[in-house]
Amino acid sequence: MRGAIEGEYIALVRTLHASAARALPEQAAQSLVGHRVVRVERRAKYQLLHLDDGRTIEVHFKMTGDWAVGPVTLPPPALERVRIETAHGMRISLVDGRAFAVVRVHEAGATFLPELGLEPLDVHFTGELLRSALANKRGPIKPALLDQRVVAGLGNIYAAEALWEAAIHPLARANRLSLVRTTRLAEAARLVLERAPAARYYGKRATDTGHAYAIGDGGDEGWNVYDREGEPCPRCAAPVRRMPQAGRSTYYCGRCQRV
Ligand SMILES: [Zn+2]
């Protein structure tokens, strides 16, 4: 599918089923014609077709959806629900027996968040995005960071370390954080993942980030606060504290991490 449509101009879009037409009304479908698909991205179960005008076509196969790709000169496939044709004569058909698959269009800059949040190492993971992901999180920031819909792949240890790095208290109200602080937090999350042993799972090696604070030498893993209760905070030397939060142990510095 990517090879057939990436970089191509859309020449025709047609919905061929009532449920497909509900998600992609005729007007929205027609508004795609003449635009170029600049990039195709897959994220979790979502496929995102980024258009030249900043809009995004979101595709979710749900249970039985799939693509059928071929030249427009061939007969269309069975169970075709949405048809996209390119200016180069290729037909990309969403085929779906159950007709639960969804194709919809998002305006440029729209913050539609998939069920799974971005990973901190994703280039699109910014303070702005994090702030909007936290917008309806009224509780404290630490458990919010463990919600995979907010951030994907940030576990208990990294969440604690990122909050320390960003000097944000684990009890700070998630949806009250300023853009400055969510930006610092997004950078901190990236930093801890980049230098963590687990960084290899992300296809990156730990990098020398030139950060102002040395990694503490309290444990084998070199955490700054995690599992270091009572030891001095590497930044301000106050003793690291531990508290239970949402069923987990949270480590933090009560002096330099602010609510
Ligand atoms: Zn401190």
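**View 1. The open sheet with strand order 1-6-7-5 in the predicted model.** In this predicted model, four strands make up an open sheet whose order is 1-6-7-5 and whose pairing is antiparallel. The edges are taken by strand 1 (10-15) and strand 5 (65-71), and because each of them has a single partner strand, one side of each is left without a neighbour in the sheet. From one strand to the next, the twist averages 15°.

**View 2. The pairing of strand 6 with strand 7.** Strand 6, which spans residues 80-86, and strand 7, which spans residues 90-96, run in the antiparallel sense and are joined over 5 bridges. Within this pair of strands, I84 stands opposite I92, the latter belonging to strand 7. I84 is also included in a nonpolar core of 20 residues, to which View 6 returns.

**View 3. The open sheet with strand order 2-3-4-8.** A further open sheet of 4 strands, again with antiparallel pairing, follows the order 2-3-4-8. Its edge strands are strand 2 (37-43) and strand 8 (102-106), each of which pairs on one side only. The twist in this sheet averages 20° from one strand to the next. Strand 4, made of residues 56-60, pairs with strand 8 in the antiparallel sense over 5 bridges, and across this pairing the bridge partner of E58 is R104 in strand 8.

**View 4. The surroundings of L49 in strand 3.** L49 has its place in strand 3, which covers residues 46-51. This residue counts as buried because it has 25 C-beta neighbours inside 10 Å, where the cut-off for burial is 20 or more. When its neighbours within four places in sequence are left aside, L49 is in contact with I5, V37, V40, T56 and I57. The C-alpha atoms of L49 and V38 are separated by 7.6 Å, although the two residues lie 11 residues apart along the chain.

**View 5. The hairpin of strand 9 and strand 10.** Strand 9 (residues 240-245) and strand 10 (residues 248-253) pair in the antiparallel sense over 6 bridges, and V240 stands opposite C253 of strand 10. The two strands form a hairpin with 2 residues between them, and in the turn A246 has a positive phi of about 50°.

**View 6. The nonpolar cores.** The largest nonpolar core of the model holds 35 residues, and those with the most contacts inside it are A160, A162, L163, L185, A189 and V225. Two or more residues of this core come from each of helix 4 (127-133), helix 5 (141-146), helix 6 (156-165), helix 7 (179-195) and strand 10. A second core, separate from this one, has 20 residues, including V13, V37, V59 and I84. In the largest core, L185 may be taken as a point of reference: leaving aside its neighbours within four places in sequence, L185 is in contact with L130, A162, A166 and I168.

**View 7. The protein chain as a setting for the close-ups.** The protein chain contains 7 helices and 10 strands, and of its 259 residues, 31% are buried. Considering contacts in the chain between residues at least 6 apart in sequence, 56% join residues that are at least 24 apart.

Technical notes: Residues numbered from 1 in each chain as written. Predicted model: local features only at pLDDT ≥ 70, side-chain atom pairs only at ≥ 80, totals over all residues. Pairing = 2+ DSSP bridges. Axes fitted to C-alpha atoms, helices over the stretch in contact; angles between N-to-C directions. Buried ≥ 20, exposed ≤ 12 C-beta atoms within 10 Å, placed from the backbone. Contact = placed C-beta atoms within 7 Å. Core = buried A, V, L, I, M, F, W, Y, C linked by C-beta atoms within 7 Å.
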